[in-house]
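Visitor: I should like to take a close look at a single part of this model, beginning with one contact between side chains and moving outward from there. Would you please guide me through it in a connected way?

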Amino acid sequence: MEPLEGTKSDSDHAPDQEPLPSNSASNCSQLTLKLEFSSKVVEHEYIVAFTGYFSAKARSLYISSALRNAADRALEWHVVPRENPASDFPSDFELVHIRQASARSLLTLEDHPYIKRVTPQRKVFRSLKYIPSPEAAAPCNATRGTQKWQSWQSSRPFRRTSLSLGAGFWHATGRHSSRRLLRAIPRHVAQILQADVLWQMGHTGSGVKVAVFDTGLSEKHPHFKNVKERTNWTNEKTLDDGLGHGTFVAGVIASMRECQGFAPDSELHIFRVFTNNQVHDGKIEIKQITDGNFNEQGSHRVGKVWELTANRVIMVSAIGNDGPLYGTLNNPADQMDVIGVGGIDFEDNIARFSSRGMTTWELPGGYGRVKPDIVTYGSGVRGSGMKEGCRSLSGTSVASPVVAGAVTLLASTVLNRELVNPASMKQALIASARRLPGVNMFEQGHGKLDLIRAYQILNSYRPQASLSPSYIDLTECPYMWPYCSQPIYYGGMPTIVNVTILNGMGVTGRIIDKPVWQPYLPQNGDHMDVAVSYSPVLWPWAGYLAVSISVAKKAASWEGIAQGHVMVTVASPAENDSEVGGELTSTVKLPIKVKIVPTPPRSKRVLWDQYHNLRYPPGYFPRDNLRMKNDPLDWNGDHIHTNFRDMYQHLRSMGYFVEVLGAPITCFDASQYGTLLMVDSEEEYFPEEITKLRRDIDNGLSLIIFSDWYNTSVMRKVKFYDENTRQWWMPDTGGANVPALNDLISVWGMAFSDGLYEGDFTLADHDMYYASGCSIARFPEDGIVIAKNLKDQGTPPPQNTPHLLKKGRKRERKKEGRERRREKERKKGGRKEERKEEEGKDKPPSLSCVFLPCRSFHSFTCVCGLVCVCGLVCVCGLVCVWFSVCVWFSVCGLVCVCVV
Amino acid sequence: MMVLRRLLRKRWVLGVVFGLSLIYFLTSTLKQEERTIRDRTLLEVRDPDHRIPWKVRFNLGNSSRQITQCRNSIQGKTLLTDELGYVCERKDLLVNGCCNINAPSTRQYICKSCLANGCCSIYEYCVSCCLQPDKQPLLERFLNRAAEGFQNLFTAVEDHFELCLAKCRTSSQSVQHENTYRNPQAKYCYGESPPELLPV
């Protein structure tokens, strides 16, 4: 579980509380700020720009030498002195005062090889005027008509910046990308996000309770003044933080000195739920508490999070540190009712480690939701040290307390705390977020946290429903990647956009009157067909609205842009309504814009088989690459838009159109497609599917299969003991379900073997690495095989006859799956050790010994695991056969002796 | 390096290394065991004499008591339970947080979906059932005995309603192997025992 920070607004807040002692005018934004600019030329002064950076002396030398060549030698000039510390450093411009400068003398200046240009110096004047706004008379909480800040309908990139409150320099996203002032960036994250503006108004988080679920907090830490409660929920008998992670997180939220947190007056409730062992130090990564039941309905953890948010606890959680791979989102941050936070660095790049990609619950039939919700600074952020002082850390679990702190501070600014709930807070955060240029929505969500704008939105908030994303523009690149990367056409699989409905009106709600599709006829809206499906009940605070877009038959050979919108009305019981049974309703509009092209020829259409790629593994699937021992479980479902996105991009760039098949093979019209693509499929095939595929191929469909390894003895060896469930886990298949694939292809006289090979090869000048995989056991005589001998990784004695394996027992599988947090450390050690073992293997039965330092207790990649995986007989002394004893060994930090 | 490797292949070197490891392993395991025992006794010493000062005040079953504001169970998808034990649909909730007792579907102290062992499939019914005045002895017994493991939680509870809200929630007792519900059909329990483990 990622560290969670929840905030709960104090619900017994007196409704008639006096306005805060701060300037209430700025609170209610009754004053309008008017800005005016004017500029004028400063006489006799010119900016001389150089081609590079030069010292003051060199610059003066260049100018004088340039002016020496000028015709009128009597030119009077001097360099306007600079009086700042920066003048000691080289610069690329100089301000020169030239009396009676003629156009010609300026041109001579520009002739100098080191002078780029000469421009007149200008002065800019900005005047600020505060004008009482027309609605100034209205009290803060009075109805000003429902303000619909989500109803922006244009699909142009949203990069509006006003110079009023909230447009801080550091918020300017991407416009300073050419000149980054790295050194000057302050690392105090609360100040960068302009929390001081809210502090000056008197908001410091008072009256808001924050719970931090992490590694605890020491009792007398000097940074905290309002720790209300500390409890321990681990088996370690301490309340103190032995690692510093929990202290850091609490510090970012509520530290009051040195490295300031966002809300120093908030009430802290510290829950120590992770032991020192469960957190991997230095990587700021909370180990996943493994959780077997991965569907949204069944998991007890999902249920617990629902329970929390349904009780109005706003939950903020880190999206995970498994980037840059796609489809690596972590629970609970990927839930609709949770604010999932990704990390960026101080230069507004998505942090490499930040998990990304769509959610994978919905596969294979549907399409994932957009997550993370927002991103904020998560790299090199400074926060409280374990005992005192400050330290800097990186990780999405650093970014999530930044948002949790901001949420705490925001909640304390709202007078009517009834209005603050998980949905309204999330609505305010995502509506105010600043979009980062050049980053798609599956990486940045709605963009970068903007505290001040969120404050403005939250303080004019009326309960309403909103959508995330708030519009569908399949032409907008790169924000709407992968949608924007491929136009839609008649006959293609419908494009599904999974929109989340956030309902700020109440914890429960429903969609009344079916959503209405309204095509814009002048904008060719009738060229597309739109169907929707949606959650029957929006609980807690959210639900889905899946929009499936396809092209109408009449547009089969039409090319152009089509537009329209879907209207949705959400109703919630009105709890503060005196009339019993009253309802609040809110109508939202979802604009849709798509690009339609004529249906491409069959040969250009590729179909990716998603149906046989299992989504969240309900069983234990080992990695496709057996070398990745630190993280042997494959918990990222495969999808062409997530972990296979490079393949997708390559196919697209070669002019192919890639569609996704989320249904059995019997459910598509093969005469429309050139190729069916099966990559690492784990699921079995129905007999009907096999029959149909055979017929399709006779009718000209091509089939590309990427298989993987499948070896029962290796599978037996990669089984592992899980400390949480106290049971052994056997993989359900190898990297791919080769027996099932063999069933599928046997009719053409082909079969894969159960061997295990690895090695490098070169194909068409591309150097490739074959990580772990099987070989071709049987192929028709007249077929073309491009072969290469690779290194045998396998352990089983080579079988003389290529034999077909027994069918896997996928369907009878009873155990629900495992999910394991991958550890990203790619330790060189792992490989080195393995090579040693292989050397030893050459000369059995001589004794060889490998000393392997046990690295981590909780990941089962303890040494014995490693050795077992390599398929060598692992006997750690006498006791290592019993796995848990081996675990003991590793705990002691002892070297483990393995006799091979 | 080669010398070292050859040395390591000698049986006696291996034997010595293994022996040392075994000794270290055994001693540290024993030490660990000692420590856990000490911790456990520490916990025991604290508990038996010193009873936890429960703050819980119980309802006297006097539901006719006039009340102007109700707390309720807040979270429900369709149902809510108020502190008087009434279960009603969300639309029948009054402004003061109480259920509208005149609504046709509102019921008090209802144990619908609850099994004999005190586990229910719907949270709101569990709370309502737990609020029955005759459940007081059961709850008191629980507080005095079973709740020791949940001190953190139950010392914060102030009255019967809060106790029922907390008691009916799922906890680590409701799950098997920390990853599946013991009984997904009836996981909300007001009784003393955890849900019965369903055979897989």
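Guide: In this predicted model, the side chains of Lys448(A) and Asp348(A) are joined by a polar contact of 3.0 Å. Lys448(A) has a second such partner, for its side chain also makes a polar contact with the side chain of Tyr377(A), at 3.2 Å. As to its place in the chain, Lys448(A) belongs to the loop between α10 (441–444) and α11 (451–458) of chain A. Its relative accessibility is 0%, and Lys448(A) therefore counts as buried, the cut-off for that word being under 20%.

Burial is also a feature of residues that a record singles out. In an unreviewed UniProt entry, the annotation "active site" covers Asp214(A), His245(A) and Ser397(A). These residues span 184 residues in sequence, yet no two of their C-alpha atoms are more than 10.1 Å apart, so they gather at one spot. Asp214(A) is part of strand β6, which comprises residues 208–214 of chain A. With a relative accessible area of 0%, Asp214(A) is buried. His245(A), for its part, lies in helix α6 of chain A, residues 245–254. His245(A) has a relative accessibility of 5% and also counts as buried.

We may now turn to aromatic rings. A pair of such rings is described by the distance of the centres and the angle of the planes. Over all chains, the count comes to 16 aromatic pairs. One of them is formed by Phe50(A) and Tyr62(A), with 6.3 Å from centre to centre and 50° between the planes, an arrangement called tilted. Phe50(A) lies in strand β2 (residues 31–54) and Tyr62(A) in helix α2 (residues 56–68), both of chain A, so the pair ties together parts that are twelve residues apart in sequence. Both Phe50(A) and Tyr62(A) are buried. They also belong to one aromatic cluster, which is formed by Phe50(A), Phe54(A), Tyr62(A) and Tyr114(A).

Another pair has a steeper angle to consider. The ring centres of Tyr489(A) and Phe657(A) are 5.3 Å apart and the planes stand at 90°; since planes over 60 degrees apart count as edge-to-face, the pair is given that name. Here distant parts of the chain are linked: Tyr489(A) is in the loop between β17 (472–473) and β18 (495–503) of chain A, whereas Phe657(A) is in strand β25 of chain A, 168 residues apart. Tyr489(A) and Phe657(A) are both buried.

Strand β25 leads us to a sheet. Four strands of chain A form an open sheet, in the order β25-β24-β26-β27, and their pairing is parallel. At the edges stand β25 (657–661) and β27 (702–706) of chain A, each with a single partner strand, so one side of each is left without a neighbour in the sheet. From one strand to the next, the twist averages 25°. Within this sheet, strand β26 of chain A (residues 675–679) pairs with β27(A) in the parallel sense over five bridges. Met678(A) has Ile705(A) of β27(A) standing opposite.

The loop that holds Tyr489(A) begins after β17, and this strand takes part in a sheet as well. The order of this open sheet of four strands is β17-β23-β22-β19 (chain A), and its pairing is mixed. The edges are held by β17 and β19 (510–519) of chain A; each has a single partner strand, so one side of each is left without a neighbour in the sheet. β17(A) pairs with strand β23 of chain A, residues 583–596, in the parallel sense over two bridges. Opposite Asp473(A) stands Lys593(A) in β23(A).

Rings may also be met by charged side chains. Arg605(A) lies over the face of Tyr673(A), at 4.5 Å from the ring centre. In chain B, the charged end of Lys167(B) sits over the ring of Phe142(B), 4.7 Å from its centre.

Chain B deserves a brief word in closing. Chain B has six helices and seven strands, and 44% of its 200 residues count as buried. The annotation "transmembrane region", from an unreviewed UniProt entry, covers residues 12–30 of chain B. Over residues 12–30 the chain is 100% helix and 0% strand, with the end C-alpha atoms 26 Å apart.

Conventions. Residues numbered from 1 in each chain as written. Chains lettered and ligands numbered in written order. Predicted model: local features only at pLDDT ≥ 70, side-chain atom pairs only at ≥ 80, totals over all residues. Heavy atoms only, no water. Pairing = 2+ DSSP bridges. Axes fitted to C-alpha atoms, helices over the stretch in contact; angles between N-to-C directions. Phe/Tyr/Trp six-rings, centres within 6.5 Å; stacked < 30°, edge-to-face > 60°. Buried < 20%, exposed > 50% of the residue type's maximum accessible area, 1.4 Å probe, protein only. Lys NZ or Arg CZ within 6 Å of the ring centre and 35° of its normal. UniProt positions renumbered as here; feature names shortened; annotations may be inferred. Polar contact = N/O pair within 3.5 Å; in protein donor to acceptor, adjacent residues only side chain to side chain.
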